[in-house]
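Visitor: I'd like a close look at one part of this protein, the surroundings of the ligand. Could you walk me through it, with a word on the cysteines too?

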Amino acid sequence: MEIKKGIAVSPGIAIAKSLIIDSEDYRIPRRSIKPGQRMVEIQRIRNAFKAAVDELSQLKAGQEAIEQRKIRDIFAVHLRLLHDRSLRKRITDLVHSESVTAEYAVSATLREIASHFTKVKDAYISERAADIYDIERRLLRQLLGRKREDVEHLTEEVAIVARELSPTQTAGFDKTFVKGIASDAGGRTSHAAIVARSLGIPAVVALEDLTESVRGGDTVIIDGNRGIVVVNPDSETVRQYEEYSLEFAELGHRLDAIREKPAVTRDGTRITLLGNIEFPDEAESVLEKGGEGIGLYRTEFLYLNRASEPTEQEHYEAYAETISVFKHRGVIIRTVDLGADKYTQSKRFAPEPNPFLGLRSIRFCLQNLTMFKTQLRAILRASVLGEVKIMFPLITNLQELMQAKMIFRDVMEDLDEESVKHNRDIKIGIMIETPSAALTASTLARDADFFSIGTNDLTQYTLAVDRGNELVSTIYSSSDPAVLRLIRTVIQDAHKAQIDLHVCGEMASEPEHIMLLLGMGVRTISLTPPMIPEIKQIIRSVTLEDCNNLARKILGMNSERQISNYLRDATRRILPEAF
Ligand code: PEP
Ligand code: MG
């Protein structure tokens, strides 16, 4: 038996025989051809592109039937790449100039493009390389005559084990048979992880060398709640996991039953639970899980699956779709948070040396005004469709906020001149996710209608620890006394200024932090939709008095470990199934 730890990206437990899908890792040797054969190879490339486009179009049409919008978007990106004439030209030019086979030209060209992505030492960008490898595999399958033999004709339940999964591979999985997914590579925000979540298949990624420890047919347990994979478990471990799996399913049913009930503490304090989303169609799942609105719409995902920028109309349609689900409740649209680990690095000729400290988020928007204004116009146009608020990410000083608001007013004036309807009283909030913003919260509060604490980045910047780097992941903790003190300052300053205060970082999705947040004065949290019922159950099981006492104790502690242990013990007593 071997236990591997990775990152949990899709909740649930799977126990099944492994199916390793690494077989498509083609190795294409460099083979020369006679000059007279070049046209034959070029024709083969054309045929392969055409067949790949047909295959993808069919897959995309299949997904349309089940309305998997995210998956469709990914297929659309791949189709756009396959239609890209310059890409095809680059490949055929290689055949002409170096007299190589079609397979070699395809592989060499796409791998060169992918390697530019992976060289960026940055989780998100290297994950984009997976899309390029996916297209390479699809073309090579056509050229080598190997059709999709992998997981399409399953007749028994399996746990997929792979070095890295492409989004299209994941999207092709049949949920009836694919019970779990585990991969060496990947991150929380990789496309494959997004698709696994949307299909509801338990998944763990970033397991580093799992594929070296598993052979096809080995039994594996995939624990998508705790990010653990057990290879060849002994019978006692299987028994324990079967029990845990039943408990987890029962907990799910039990929690679904409180969907309509309010998130209120035993002594009557009402807490508002909102959902974090990346795509408009997730709004439905927030509603299903009992969320009362959208507290964080990460709009940069509109940019991540495509080569060109979304138009104003595309922005508008995405917002309108989201708002239609929560018409009379709030939808907080965060302006794009690109840069650092998202997208813009891949477009750079010379990537920034410290992208997380570089041109990201609101800074990027303030230097790319055309793009920024396009989004602001779309948000304002959508603001008449429901209860819309706008939120600026990564504000580090007052000047940035004033600049962003000035541009916002300019856009309003443009719309006024064009007689385009919009809500002139739209609320403008900011994310507090840098220590500088936390420390100047009392000043920023004068110019913001609300704060939303982004604990993911606040933890990263306070502790000087990259949130995506597994080498320093033990230092990364929102329970660190330094982080907690900053959070307390922000809450106090928001209360003094009488503005709304939300928490939307992952901390709000973590059961062990809920009592603490309530005790520190938080009354609105925004979290990942699948966690809403569990968090609501905790809220309904505690009194505010207990929370206040716990917070007082915690804020007097000086060690992260002591705090974490205390919080876990306290939460375990309330909801043992959460751990
Ligand atoms: C955060 O930083 O806590 C946050 C919610 O924003 P993101 O995770 O999108 O950076
Ligand atoms: Mg952030």
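To start with the cysteines: does C504 count as buried or exposed?

Guide: Keep in mind that this is a predicted model. C504 counts as buried, because its relative accessibility is 1% and the cut-off for buried is under 20%. C365 is buried as well, with a relative accessible area of 0%. As for disulfides, the count comes to zero, going by cysteine sulfur atoms within 2.5 Å.

Now for the ligand. Ligand 1 is surrounded by 14 residues, and the closest are R298, R334, G454, N456 and R467. Sorted by class, that shell holds seven charged residues, four polar ones and three nonpolar ones.

A few polar contacts are worth finding on your screen. In the side chain of E433, an N or O atom sits 2.9 Å from an oxygen atom of ligand 1. The backbone joins in too: an N or O atom of the G454 backbone is 3.3 Å from a ligand 1 oxygen, and for T455 a backbone N or O atom is 3.1 Å from an oxygen of ligand 1. On its own, ligand 1 has 290 Å² of accessible area, and the protein covers 99% of that.

Which elements supply the shell? Those that give two or more residues are β10, spanning 294-298, and α19, spanning 455-463. Of these, α19 makes the largest contribution, with three residues. So if you want a place to begin browsing, pull up α19, the source of the largest share of the shell around ligand 1.

Methods. Residues numbered from 1 in each chain as written. Chains lettered and ligands numbered in written order. Predicted model: local features only at pLDDT ≥ 70, side-chain atom pairs only at ≥ 80, totals over all residues. Heavy atoms only, no water. Near = heavy atom within 4 Å. Polar contact = N/O pair within 3.5 Å; in protein donor to acceptor, adjacent residues only side chain to side chain. Areas by Shrake-Rupley, 256 points an atom, 1.4 Å probe, with all protein chains shown as cover. Helix = DSSP H or I, 4+ residues; strand = E, 2+ residues; numbered from the N terminus. Nonpolar A, V, L, I, M, F, W, Y, C, P; charged D, E, K, R; others polar. Buried < 20%, exposed > 50% of the residue type's maximum accessible area, 1.4 Å probe, protein only.
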